[in-house]
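Reader: I am new to this structure and would be grateful for a close look at a single part of it. Please then place that part in its wider setting.

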Amino acid sequence: MLESLLNYVVWDPNQAVFSGFERLRWYGLLFAMGFIISQQFMVYFFRKEGQDETLVDKLTIYMVLATIIGARLGHVLFYEPEKYLSNPIDILKVWEGGLASHGAAIAILFALWIYSKRTQGQSYLWVVDRIVIVTALTGALIRFGNLMNSEIGGKDTGRDSGFVFARDAEEILETLKVPFESIEAYKPEDRSDELQGTGIVPVNFELKINKGNFSKEDLSAILERDIKYALTQFRSSKEYLAEPVESPLNFEIIEQPNSYLVTVKTFGRTKYPTQIYEALSYFVIFLILLALWAKYKSRLPEGLLLGLFLISVFGMRFVWEFLKEVQVDFEQSMQFNMGQLLSIPLVLIGIILVGRVLKNGIKAEKI
């Protein structure tokens, strides 16, 4: 049983990069790093192939705008059209979440077409073939950002291994009228005998509560009522926690000079960490595309890297979607979810591109 206990992770990172400076979050940092690192790679590509490096700044502007606008509109149109089209001003509230990589991909391809039309000496496919290399890297960083946000997670593993995402439950607890000083979820090392091999695993919440005017008895009543309700009634909690509604809340209170330290013993549902699966997939694709460019550079037939990118990235996206939780309710009744349906045409386009390119083969090396 102890071996099984080591196989699951209670995932509860601080979304802020630095404690006390909440505005700088991991997701935003990783998103920005993707563009910064990508820009440096593009400068390197341009330099090695005799292109004007100053054009990278112009190209970056196209890429950033296309990614943000395309990802947002993709989510709006593909996932929640009724919600946003009934109140269009909400489309601008990007900070509330809701970005779709398929929308970003389509917008990037369109933006690069405009860029190539306005730039002499660079064909559309030449530019796109270089962009997809760094796009794969950026995609990997963004998925790690999703992991730090505890979002876009996977389905139940059904085994005592995987990730228990505790952040949603913490955020619900923070809305209660209780003077919390801190909330921390963790994997208890002393509850291995409670493992059953079903994917319902022990999770503890440590709550530090300002004493104020609370007596221990008052606090106990609040915990039984409000915290029990928060852990069992809200959908976002129930997706990740598994506290039986009918059972009494299991907790203990330790009185300290100015606060109470409360340990709530509950259970969590192990999920597939699909953010990690996707991020690692995209990083491997980045390395493969980069290696192909490094070996062949201008000898590569135009469109080959784009085709390989579309097949591999959206092919892997199609596979990993089988392990993901649905993003919106209407996907519950679908055999293939929206992410998979949008991936299929992009994979087919990639196959057509690669098939067309391979007829001509790699260009002969110039002597």
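Does Leu 346 count as buried or exposed, and what is its relative accessibility?

Author: The model under discussion is predicted. In it, Leu 346 has a relative accessibility of 9%. The cut-off for a buried residue is under 20% relative accessible area, so Leu 346 counts as buried.

The residue belongs to helix H12, which covers residues 338-358. Not counting residues up to four places away in sequence, Leu 346 touches His 102, Leu 310 and Phe 314. A further link across the chain is given by Ile 106: this residue and Leu 346 are 240 residues apart in sequence, yet their C-alpha atoms are 9.3 Å apart in space.

The stretch around Leu 346 also appears in a record. The unreviewed UniProt entry places the feature "transmembrane region" at several stretches, including residues 99-116, 303-320 and 340-358. Over residues 340-358 the chain is 100% helix and 0% strand, with end C-alpha atoms 27 Å apart. Another stretch with this annotation is residues 59-79; there the chain is 95% helix and 0% strand, and the end C-alpha atoms are 29 Å apart.

A second buried residue deserves attention. Arg 143 is covered by the annotation "binding site" in the unreviewed UniProt entry. It is found in helix H6, residues 124-148, and it counts as buried because its relative accessible area is 8%. Leaving aside residues up to four places away in sequence, Arg 143 touches Ser 101, Ile 152, Gln 275, Glu 278, Ala 279, Tyr 282, Arg 317 and Lys 324.

Aromatic rings offer another view of how parts of the chain meet. A search of the whole structure finds 18 aromatic pairs. One of them joins Phe 41 and Phe 286 in an edge-to-face arrangement, 5.5 Å centre to centre and with 75° between the planes. Phe 41 lies in helix H2 (residues 26-48) and Phe 286 in helix H10 (residues 274-296), so this pair ties together parts that are 245 residues apart in sequence. The two partners fall into separate classes of exposure: Phe 41, at 22% relative accessibility, counts as partly exposed, whereas Phe 286, at 4%, counts as buried. Tyr 44 and Phe 45 form a tilted aromatic pair, with 6.4 Å between the centres and 55° between the planes. Of these, Tyr 44 is partly exposed at 35% relative accessibility, while Phe 45 is buried at 0%. Ring pairs link Phe 41, Tyr 44, Phe 45, Phe 283, Phe 286 and Trp 293 into a cluster.

These details may now be set within the whole protein. Its secondary structure comes to 12 helices and 8 strands, and its C-alpha atoms fill a box of roughly 85 × 40 × 40 Å along the principal axes. Of the 367 residues, 48% count as buried, Leu 346 being one such residue. Among contacts between residues at least 6 apart in sequence, 76% join residues at least 24 apart. The accessible surface comes to about 18500 Å², and carbon and sulfur atoms account for 60% of that area. As for charge, the mean positions of the 37 positive and 42 negative charges are 11 Å apart.

Note on methods. Residues are numbered from 1 along each chain as its sequence is written. This is a predicted model: local features need pLDDT of at least 70, side-chain atom pairs count only at pLDDT 80 or more; totals for chains, interfaces and linings use all residues. Side-chain values use heavy atoms; hydrogens and water are left out. Helices (H or I, at least four residues) and strands (E, at least two) are DSSP runs, numbered from the N terminus. Buried means under 20% relative accessible area, exposed over 50%, partly exposed in between (1.4 Å probe, protein chains only). Contact means heavy atoms within 4.5 Å. UniProt positions are given in the numbering used here, feature names are shortened, and annotations may be inferred rather than shown by experiment. Accessible areas come from the Shrake-Rupley method with a 1.4 Å probe; for residues, only the protein chains shown count as cover. Lys and Arg count as positive and Asp and Glu as negative; His and the chain ends are not counted. The place of a charge is taken as NZ of Lys, CZ of Arg, CG of Asp or CD of Glu. Rings of Phe, Tyr and Trp (its six-membered ring) pair if their centres lie within 6.5 Å; planes under 30 degrees apart count as stacked, over 60 as edge-to-face and the rest as tilted.
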